[in-house]
Amino acid sequence: MRLTTRGRYAVTALLDLALQTSQQESAVSLSDIAKRQSISISYLEQLFSKLRKRGLVTSIRGAAGGYNLAKPLNEIDVMSIISAVDESVNAMQCEGRGDCQGGTMCLTHDLWCALSNHIEQYLKNITLAQLLDMENVQSVSERQHNSTKDISIKDINTITLSNSEANPA
């Protein structure tokens, strides 16, 4: 089983959205999520299109537009997020068909099937609300928020220096 960046980024982006929604009342822009999580905006647009179609997020158009969660935090589980972006946690090489060894079931089919079921059940039982309560989530979120502020301040200083160099007094 390999969870690709699509599934990991979808969970990360929705957790970021959940954190921001708890701190502000307005919609959260994808560019803000992209900056904090180092995920390209175009990739986030693809993911959020799928998440919106599955009813996990709502979008608001316009200058103050962005995204909000469509459901309460305790009703959005990690497996729903992963499934919404067409990901799987299936550890079976045959994807459950039972044809992984020359068209027939392999010796370890039941093992990988049981593992897949355990992983899926585990992820179904973890909600965004539970993720928000995990030990490191808040401190990592603060660090990410502060680092994007630092970048903005550096950008402003660079612009200010550039302008003063161009027009010396």
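What percentage of the 169 residues of the chain count as buried? In this predicted model, the figure comes out at 34%.

**View 1. The whole chain, with its seven helices and two strands.** Going along the sequence, you'd read off α-α-α-β-β-α-α-α-α. If you take the contacts in the chain with a separation of 6 or more, 65% of them link residues 24 or more positions apart.

**View 2. Helix α2 packing with helix α3.** Here we're looking at residues 30-37 (α2) and residues 41-53 (α3), whose axes sit 9 Å apart and make an angle of about 120°. That angle makes α2 oblique to α3, since it falls neither in the 65 to 115 degree range nor over 145. As for handedness, α2 and α3 have a right-handed crossing.

**View 3. The residues where α2 meets α3.** On the α2 side you'll find Leu 30, Ser 31, Ile 33 and Ala 34. Facing them from α3 are Ile 41, Leu 44, Glu 45 and Phe 48. Sort the residues of this contact by type and you get six nonpolar, one polar and one charged.

**View 4. Strands β1 and β2, paired antiparallel.** Strand β1 covers residues 57-60 and strand β2 covers residues 66-69, with four bridges joining them. To pick out one pair, start at Val 57 and look across to Leu 69, its bridge partner in β2.

**View 5. The turn of the β1 and β2 hairpin.** Five residues lie between the strands of this hairpin. The one to zoom in on is Gly 62, which takes a positive phi near 110°.

Technical notes
Residues are numbered from 1 along each chain as its sequence is written. This is a predicted model: local features need pLDDT of at least 70, side-chain atom pairs count only at pLDDT 80 or more; totals for chains, interfaces and linings use all residues. Side-chain values use heavy atoms; hydrogens and water are left out. Axes are lines fitted to C-alpha atoms, for helices over the stretch in contact, and angles run from 0 to 180 degrees between N-to-C directions. Angles under 35 degrees count as roughly parallel, over 145 as roughly antiparallel, 65 to 115 as roughly perpendicular and the rest as oblique. A crossing is left-handed if the near helix is turned anticlockwise from the far one by less than a right angle, and right-handed if clockwise. Contact means heavy atoms within 4.5 Å. Ala, Val, Leu, Ile, Met, Phe, Trp, Tyr, Cys and Pro count as nonpolar, Asp, Glu, Lys and Arg as charged, and the others, Gly among them, as polar. Two strands pair if DSSP finds at least two bridges between them. Buried means under 20% relative accessible area, exposed over 50%, partly exposed in between (1.4 Å probe, protein chains only).
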